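Let's walk through this one together, from the overall layout down to a few side chains. Have the viewer open and rotate as we go.

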Amino acid sequence: MDKDQQGRQEELQYLEQTERLLQTLLNRELDQLDQRKEALIEARRDMWENTVHASQDFAQLTEMNQYLAGVNQQTAGYVNTLRQVEKYRRMIGAPYFGRFDFVEDGYDEVEKIYVGLHTLTDPASHHIFVYDWRAPVSSIFYRHEPGRAAYEAPSGIVEGDVLRKRQYKINEGNLVYFFDCNVVITDQILQEILSQNASPKMRTIVETIQKEQDRIIRDRDTDLLIVQGVAGSGKTSIALHRIAFLLYEGHQSRLQWNNVLILSPNAIFSQYISHVLPELGEENVAQTTFDAIATAALAEPFIVESRAEQLETLLQSGGNPSRQRAIAFKGSRAFLTLLDRLIDHWAHREIAFEDVYYDSVTVETGQQLKNRFLNNKIGLPMAVQLRRLEETILKKIPPLQKRRRQRIEKIVAQSEGRDFEIKAFSRLLSMKETKALRRRLHRFTRVDYRHLYERLFTDPPLFARLARGLSLPEGIAEAMASASASASKSAGNATGSSGMLGGLFAETGERLRQGRVAYEDAAPLLYLKFRLEGCSLYSDIKQVVIDEAQDYTPLQYAIFALLFKEARYTVLGDICQSVEREGDLRLYDDVVQILQKPKTLRLDLNKGYRSSQEISAFARRLLAKEQGGLSFERHDEAPRIERAETEAAMVDAVARHAAASLEAGFGTVAVICKSQREAERLHSRLKGKHPVQLIQPHEGWVEKGVSVVSAYLAKGLEFDAVIVYGADKGRYASDLDRRLLYIACTRALHRLTLCYCGEISPFLTASASPSERRLPM
Ligand SMILES: Nc1ncnc2c1ncn2[C@@H]1O[C@H](COP(=O)(O)OP(=O)(O)OP(=O)(O)O)[C@@H](O)[C@H]1O
């Protein structure tokens, strides 16, 4: 037997032993699961039969509690066993994917470390057959080639030599192949994985995590980790694997699934990624969207516009540059400062503290109240503090009331026979007085954040005073002047003026008066609300993961700082995929300054793994500014641009391409439209002819087959084949359009086709190389 054959034989034996052990452990756990299930049913039945089901009796309640504790214990045992069963089931068939041979400094023994999804230990011999990919030692597999290597163990840095590194392809318990690799994770397996079809659900990447990705996943020291990564560089994958890593580590650091929160762009995306953590053997963690936070916090009487609605309105109105400017301004750091100044101004100058009297006694002077308010030693939110002032004042009233009542009653005592009536009268009187006092107090102890925000837009001189020295967008002076003129003419007649920010004042004020909140006003309102009233909803959150970080404004980050005070952050984004405004790397500086975390790190990921080189290169040419970045070397057909004579012909072309993609074996095909309204229209034209799914903002998720989706909803998702519908000048001409087109094209893995009618989009004339164009159709 030659060396290779012997090596293979050894590997086959190891795999067989591992599989056998797995099967034994799985069987054992399955038996235990049955027993635990029976015990649990028994415990429940006991509780049901031996306790009363509705009782106020303390003894009976205590008895029921004892039963309940037993049931809870049985349930926990059952769930634990179930988790073990699931773990072994996940491993069986492919228990590991890598191995390295390691000699630790100071030892002679060569350790063969097999790396897989979970640790597998033989309970009899304590031999570790497989190491969890998140175990400290496993980092060597992702980070080192054969040669000197080190890893960070809980006891400190461990150094040694890697003698060999091996990768395996194991399928249903069969060793398909294995090979030794000299580079950090060879391309062979990655090539194979990336050439496959996309899945309607995001996949795990444990087998092929790249060195630079591993660094992000395993970072445990940073309080604010910012990752700027090109499209398809694995940001979302990394975010989820990082959570799995932190939860694994959390066995020591006490981070649990309910301490983690993912902020995702929309419900579809949340669905798309929801399988990854369970596949990695972790409990799923909570996800929310900014929309959901805003809607919950700004409940009645507000009707809050969603981000999808805002984008849709922008797209329907040809981009509306004036609103785009207003959106940018209302999310900016300058506006954040303006809001802080507004709060300061209100606190120092506008709260009309009054002297409080009761029965001719001064309870508190206005000055005393103001001093106490401003001397906020424990940093309570202002609205809470004002309420506490109110309570303190009200607590001083009853003794005064009593004295007054006694006085009244003395007078009454002299007028015989009316005793009862006068007592009742004096009680009524003091109740009325307290009510009136409360009303007086409310004049300075209640704050309406909505009214405060409204004032910013209905009181231009106040706006001007607060905005002094800030860098304001062009056109704001004009907008202010026009608002002042309208205000002096007639408050009711105020209408949007022309100009760069025309309507900023009048329209904002008017909308708020009607109880409607534009998406760009939701963040300022929330900021005011949380700063004034505080928010303890997320006090358990210790790790916040913000995906699509470029979609949030500095003001939204300021809200996160208020919501997740004690949390650490992982912030991942790609400024080239900004939608509403041109992406700017300075956003990350703002994030650092706003979140103010002690230890901050920014890392860049410049290599994309999603799209073929041809598609990546094509998409990069769409960008306004040259963006560096590479893509994993995987080649496929060049993107195609096709012209249709009419809209109807374009619909037919799209249908034909979609069908051809399915026939070619692609599992997910997306027809990407510029807006949701267009996606809906196209869907209704296509659905009679072909099975197609419409992806909607609030419902459903990506399925296999053909989906029609708007560019902004396709964000973060991926498809084997993408067909861009309507890549013409009429649809894609502005900078906003350019960004949407870039997002649409970067969703494709293997095929990209752009169909247009009429004149081609100027972004494509510049970006398409001759081989990518085919005119006319
Ligand atoms: N190390 C890796 N091994 C295998 N596949 C990978 C790896 N890194 C990324 N991928 C794959 O690349 C694709 C893009 O990953 P992901 O969606 O996480 O990137 P992204 O940076 O969030 O993309 P975008 O910002 O464009 O939405 C996915 O199919 C993912 O599985």
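How many helices and strands does the protein chain have? There are 29 helices and 26 strands in the protein chain. Keep in mind that you're looking at a predicted model, so let's check how confident the predictor is before reading anything into the coordinates.

The average pLDDT of the protein chain is 89, and 93% of the residues score at least 70. For the complex, the predictor reports an ipTM of 0.99 along with a pTM of 0.90. One stretch to watch is residues 491-498, where pLDDT stays under 50 and the model has 10 contacts beyond four places in sequence. Where pLDDT is low, the predicted coordinates should not be read in detail.

Now zoom out. Along its principal axes, the C-alpha trace of the protein chain spans about 120 × 75 × 55 Å. The domain assignment splits the chain into domain 1 (1-173), domain 2 (216-290 + 541-608), domain 3 (351-447) and domain 4 (613-766). Notice that domain 2 is given as two segments, 216-290 and 541-608. If you place the C-alpha centres of domain 1 and domain 4, you'll find them 43 Å apart.

How is the chain packed? Of its 777 residues, 52% count as buried. Among contacts in the protein chain with a separation of 6 or more, 74% come from residues 24 or more positions apart.

On to the aromatic rings. The count of aromatic pairs comes to 33. Ring pairs join Phe290, Tyr519, Tyr538, Tyr552, Tyr557, Phe560 and Phe564 into a cluster. Some rings also have a charge over them: Lys330 lies over the face of Phe457, 5.0 Å from the ring centre, and the charged end of Lys674 sits over the ring of Tyr732, at 6.0 Å from its centre.

Finally, the cysteines. The structure holds zero disulfides. Why is Cys576 without a bond to Cys745? Cys745 has the closest cysteine sulfur to that of Cys576, but the two are 14 Å apart, so they are too far away for a bond. Cys576 is also buried, with a relative accessible area of 13%. Cys755 is in no disulfide either, and its nearest cysteine sulfur, in Cys757, is 10 Å away. Is Cys755 buried or exposed? Its relative accessibility is 1%, so Cys755 counts as buried.

Notes:
Residues are numbered from 1 along each chain as its sequence is written. This is a predicted model: local features need pLDDT of at least 70, side-chain atom pairs count only at pLDDT 80 or more; totals for chains, interfaces and linings use all residues. Side-chain values use heavy atoms; hydrogens and water are left out. pLDDT is the predictor's confidence in each residue, from 0 to 100. Contact means heavy atoms within 4.5 Å. Rings of Phe, Tyr and Trp (its six-membered ring) pair if their centres lie within 6.5 Å; planes under 30 degrees apart count as stacked, over 60 as edge-to-face and the rest as tilted. A charge sits over a ring if NZ of Lys or CZ of Arg is within 6 Å of the ring centre and within 35 degrees of the ring normal. A disulfide is a pair of cysteine sulfur atoms within 2.5 Å. Buried means under 20% relative accessible area, exposed over 50%, partly exposed in between (1.4 Å probe, protein chains only). Domain bounds come from an automatic or database domain assignment. Helices (H or I, at least four residues) and strands (E, at least two) are DSSP runs, numbered from the N terminus.
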